[in-house]
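Q: Please take one part of this structure and describe it closely, together with the parts that adjoin it. A formal account is preferred, with each term given its cut-offs.

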Amino acid sequence: MSDLDTLKQSVLSDIAAAADEAKLEAVRVASLGKKGSISEAMKSLGRMDVEERKIMGPALNALKNEVADAIAARKDILEADALEQRLATERIDITLPVPAGPAERGRIHPVSQVVDEITAIFADMGFSIAEGPDIETDYYNFTALNFPEGHPAREMHDTFFFNPKEDGERLLLRTHTSPVQIHTMKAEEPPIRVVIPGRTYRCDSDQTHTPMFHQIEGLVVDKTSTVGTMKWVLAEFCKAFFEVPEVDMRFRPSFFPFTEPSLEVDIRCDRSGDNVKIGQGDDWLEILGCGMVHPNVLKAGGLDPDEYQGFAWGMGIDRIAMLKYGMPDLRAFFDADARWIEHYGFRPLDLPTLFGGLSRV
């Protein structure tokens, strides 16, 4: 906690010393931005044990809120001082409206918001974040994931290939985030608990598909994982993400080359109104795929399937964002329409946490 106190005093001191709004914004980015000191400390929760998270979670959230309040208060002071200086030196038309500042006008894109919501949920369960390259080899995108050469499942992905290199190898834009599973297993010793957000690419475009979209998947590898464990993890995630007390889930047999057995997951919902309501009604909606990691995938990751086992799941970030926030057309995510982001976007300082709430808008 002494490190937390030191961080708090340092950030509050920088806020108090900020002489103008530009310097205050730099302090905000350095502390609450994606790679800020407080945000980086929040990411470390996933590597802590349960008891340590119970202490550090509330402490970090309290620090975040205190810093955000201090920034807002300092901003008000700086704006008042700047206005006094302008009134002393300029002639202004006081009938003109004063435009809102960047912190009030700016909005976080729903995809970024949902990624933060999902990672906050899984970080609380002890998961870390893993990332990988958008440009992959055929081996990592297909072969290592149990797609043999000529396998018909390769045709399901409508892959963007680059021109062949001199040796005949063709790089590609990854069609799913699953190659990061192989990179992670080769880089880390079990137990492994990671979630993997990222961009993926396929030749597809309509109301619910775009050539570039976002996926997130999870991977657990240890010696004791079971289908029952996987079901519990997914149920807890759905309750937290959709912010409902209970969810009714249906697991159906399916096929994915990289898992065996493979399952698709439906969630009970109500489609009678304009928006889908989760946790009630008599309808079902598919939201993700999952299964136990195939032994061939474990071997490709350098692990012995006789000693280790695990489970994995994946879902479309754009799709569950549409489902949760009632957005009817996926293509609007990428249209850069200021009116759309003003309506569906999120305030930049309201970072989602289980302690403070996921979806404050």
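A: Helices (H or I, at least four residues) and strands (E, at least two residues) are DSSP runs, numbered from the N terminus. The model is predicted: local features require pLDDT of at least 70 and side-chain atom pairs pLDDT 80 or more, whereas totals for chains, interfaces and linings use all residues. Residues are numbered from 1 along each chain as its sequence is written, and side-chain values use heavy atoms, with hydrogens and water left out.

The part chosen here is helix 11, with the elements around it. Helix 11 spans residues 317–325 and is mostly covered, since seven of its nine residues are buried, that is, under 20% relative accessible area (exposed is over 50%, partly exposed in between; 1.4 Å probe, protein chains only). These buried residues are Ile317, Asp318, Ile320, Ala321, Met322, Leu323 and Lys324. Glycine 326 follows the helix, with a positive phi near 70°.

One partner of helix 11 is helix 6 (residues 110–124), and the two axes come within 10 Å and cross at roughly 95°. Axes are lines fitted to C-alpha atoms, for helices over the stretch in contact, and angles run from 0 to 180 degrees between N-to-C directions. Helix 6 is therefore roughly perpendicular to helix 11, where angles of 65 to 115 degrees count as roughly perpendicular, under 35 as roughly parallel, over 145 as roughly antiparallel and the rest as oblique. In contact terms (heavy atoms within 4.5 Å), helix 6 contributes Val111, Val114, Val115, Glu117 and Ile118, and helix 11 contributes Ile317, Asp318, Ile320, Ala321, Lys324 and Tyr325. Of the residues in this contact, eight are nonpolar, none is polar and three are charged. Nonpolar here covers Ala, Val, Leu, Ile, Met, Phe, Trp, Tyr, Cys and Pro, charged covers Asp, Glu, Lys and Arg, and polar covers the others, Gly among them.

Helix 6 also holds threonine 119. Threonine 119 counts as buried because its relative accessibility is 15%. Leaving aside its neighbours within four places in sequence, threonine 119 is in contact with Ile129 and Ile216.

On the N-terminal side of helix 11, strand 10 occupies residues 309–316. Strand 10 runs antiparallel to strand 5, and eight bridges join the two; two strands pair if DSSP finds at least two bridges between them. Within strand 10, glutamine 309 stands opposite aspartate 222. Strand 9 (residues 283–293) is likewise antiparallel to strand 10, through four bridges, and glycine 289 stands opposite glycine 314 of strand 10.

Strand 10 is also among the elements against which the buried residues of helix 8 pack, along with strand 2 (135–136), helix 7 (138–141), strand 4 (192–201), strand 5 (212–222) and helix 10 (295–300). The residues of helix 8 (179–187) that are buried are Pro179, Val180, Gln181, Ile182, Thr184 and Met185. The loop between helix 8 and strand 4 holds proline 191, which a cis peptide bond joins to proline 190, with omega about 5°.

Aspartate 222, already met opposite glutamine 309, also takes part in a salt bridge, defined as a side-chain nitrogen of Lys or Arg within 4 Å of a carboxyl oxygen of Asp or Glu. Its partner is arginine 193, at 3.3 Å from N to O. The pair links distant parts of the chain, with arginine 193 in strand 4 and aspartate 222 in strand 5, 29 residues apart. Aspartate 222 is buried because its relative accessible area is 10%, whereas arginine 193, at 35%, is partly exposed. The structure holds 18 salt bridges.

Beyond helix 11, the loop that leads to helix 12 (338–344) contains alanine 336. Alanine 336 has a positive phi near 60° although it is a residue other than glycine, and at 79% relative accessibility it counts as exposed. Further along, arginine 339 forms a salt bridge with aspartate 337, the closest N and O atoms being 2.9 Å apart. Arginine 339 counts as exposed, at 67% relative accessibility, while aspartate 337 counts as partly exposed, at 29%.
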